[in-house]
Amino acid sequence: MKYTCIRAAGDGRAEEKRETEQAAEDGAVTLRVLDNGQVEDMTLEKYLQGVVRGEMPASFEMEALKAQAAAERTYVYYQLAAGRKERHPEADVCTDHTCCSAFLSEQAAREKWGGDYDPWEARIEQAVAETDGQTVLYGGKPILAVFHSSSAGKTAAAGQVWSGDLPYLQSVDSPESEETVPNYYSVVTFTAAEAKEKLLAARPGLKLEGTPEDWLGEVTEDASGRVETAVIGGETWKGTEVRAAFGLRSACFAAEAQAESLTFYVTGYGHGVGMSQYGANQLAREGKTWREILEWYYAGVTIGPYGGNA
């Protein structure tokens, strides 16, 4: 079975930087948070705890959890600087992962984690506390600190996935693998009728004649190994469009067409830009600090308190 996007991760180890700045206190910052239709005031500290609970397994390495906490804090400051979103003009952030970030409350965590709650909650709180006030900066400003679950050897540059590029969101090696990521490889098969329905829902005017074997044309990959373009029904699609149309776990896929079916072999999970969470966990296992992890995934950044006004 052939999977695309397999790449070897790079080596290289940097010495851990020592924290010399006086960090701000997350507890002193108050956010307006939209949660289940209700807006409430919440300290940045409490919000970050909820988001780290929701976005990364508490069992991950401590340095990976710290990297997640600092990335989340940075993302909040980036959003504050950009202004409130149209989806929640009454709140700074929300708990909807399709808009801002996933959020898991203390009560929900108790129910989900059961007997593991106390030790895992302690780890979450430690990750937030030990990165207190620290953000990822480019040119002195908070970056768009996006992240995803897992990559297939390399992350993607922002411009490979979205409409514009950013100097700190470039493609870099990422060390996760089948041995360290659950469901790293996934396979999904659609009948010809199901595939046709999904393609026409994405492009109503698409001409699909014959069987899936007749629909598929040339496929190209970008520098990160993800599908850049694919010809389907005589039209050129972006790899991200195909992913969205079929609900694939990532745009790193190979397609196999048969007379009555269309099968996708997929590697990794997520859009692929920025920090890979499973990659961060593997880097932490290899001895890298949270600062080194963030500097690995975000090019040319510095890490410290944000001195500007959000």
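In this predicted model, helix H8 (residues 239–246) lies across strands S7, S11 and S12, running at about 115° to S12. The three strands beneath this description form an open sheet with the order S7-S12-S11 and antiparallel pairing. Strand S7 (185–191) and strand S11 (253–257) are the edge strands, each pairing on one side only. From one strand to the next, the twist averages 15°. S11 and strand S12 (residues 261–267) run antiparallel and are joined by five bridges; within this pairing, phenylalanine 253 stands opposite valine 266 in S12. A further helix, H6 (residues 192–202), also packs on the sheet, where it touches S7 and S12, and its direction makes about 95° with that of S7.

A second sheet can be followed in much the way just used. This one is open as well, with three strands in the order S2-S1-S3, and its pairing is mixed. S2 and strand S3 (93–94) stand at the edges with a single partner strand each, so one side of each is left without a neighbour in the sheet. The parallel part of the pairing is found between S1 and S3, which are linked over two bridges, and here leucine 34 has cysteine 94 in S3 as its bridge partner. Helix H1 (residues 44–55) packs on this sheet and touches S1, S2 and S3, its direction making about 110° with that of S2.

The antiparallel part involves strand S1 (residues 30–35) and strand S2 (residues 38–43), which six bridges join. Leucine 31 is paired in this way with methionine 42 of S2. The hairpin of S1 and S2 has two residues between the strands, and asparagine 36 takes a positive phi near 55° there. As a reminder for reading both sheets, strands of a sheet pair through backbone hydrogen bonds, either parallel or antiparallel.

Attention now turns to helix packing, with H2 as the common member of two contacts. The axes of helix H2 (residues 62–82) and helix H4 (residues 117–129) come within 8 Å and cross at roughly 55°; the two helices are therefore oblique to each other. H2 passes H4 in a right-handed crossing. On the H2 side, the contact is formed by Met62, Leu65, Lys66, Ala69 and Arg73, which meet Arg123, Ile124, Gln126, Ala127 and Val128 in H4. By class, these residues of the H2 and H4 contact divide into six nonpolar, one polar and three charged.

The other contact pairs H2 with helix H10 (residues 290–297), at an angle of about 60° and with the axes 8 Å apart. H2 and H10 are therefore oblique to each other, and their crossing is right-handed. H2 contributes Glu63, Ala64, Lys66, Ala67, Ala70 and Ala71, while H10 contributes Trp290, Ile293 and Leu294. The contact of H2 with H10 has seven nonpolar and two charged residues, with no polar ones. Lys66 thus appears in the contact with H4 and in the contact with H10.

Finally, the chain as a whole may be considered. The protein chain has 10 helices and 14 strands. Its radius of gyration is 21 Å, close to the 19 Å that the globule rule gives for 310 residues, so the protein chain is as compact as a globular protein of that length. Along the principal axes, the C-alpha trace of the protein chain spans about 65 × 45 × 45 Å.

Note on methods: Residues are numbered from 1 along each chain as its sequence is written. This is a predicted model: local features need pLDDT of at least 70, side-chain atom pairs count only at pLDDT 80 or more; totals for chains, interfaces and linings use all residues. Side-chain values use heavy atoms; hydrogens and water are left out. Two strands pair if DSSP finds at least two bridges between them. Helices (H or I, at least four residues) and strands (E, at least two) are DSSP runs, numbered from the N terminus. Axes are lines fitted to C-alpha atoms, for helices over the stretch in contact, and angles run from 0 to 180 degrees between N-to-C directions. Angles under 35 degrees count as roughly parallel, over 145 as roughly antiparallel, 65 to 115 as roughly perpendicular and the rest as oblique. A crossing is left-handed if the near helix is turned anticlockwise from the far one by less than a right angle, and right-handed if clockwise. Contact means heavy atoms within 4.5 Å. Ala, Val, Leu, Ile, Met, Phe, Trp, Tyr, Cys and Pro count as nonpolar, Asp, Glu, Lys and Arg as charged, and the others, Gly among them, as polar. The radius of gyration is taken over C-alpha atoms; the globule rule is 2.2 Å times the number of residues to the power 0.38.
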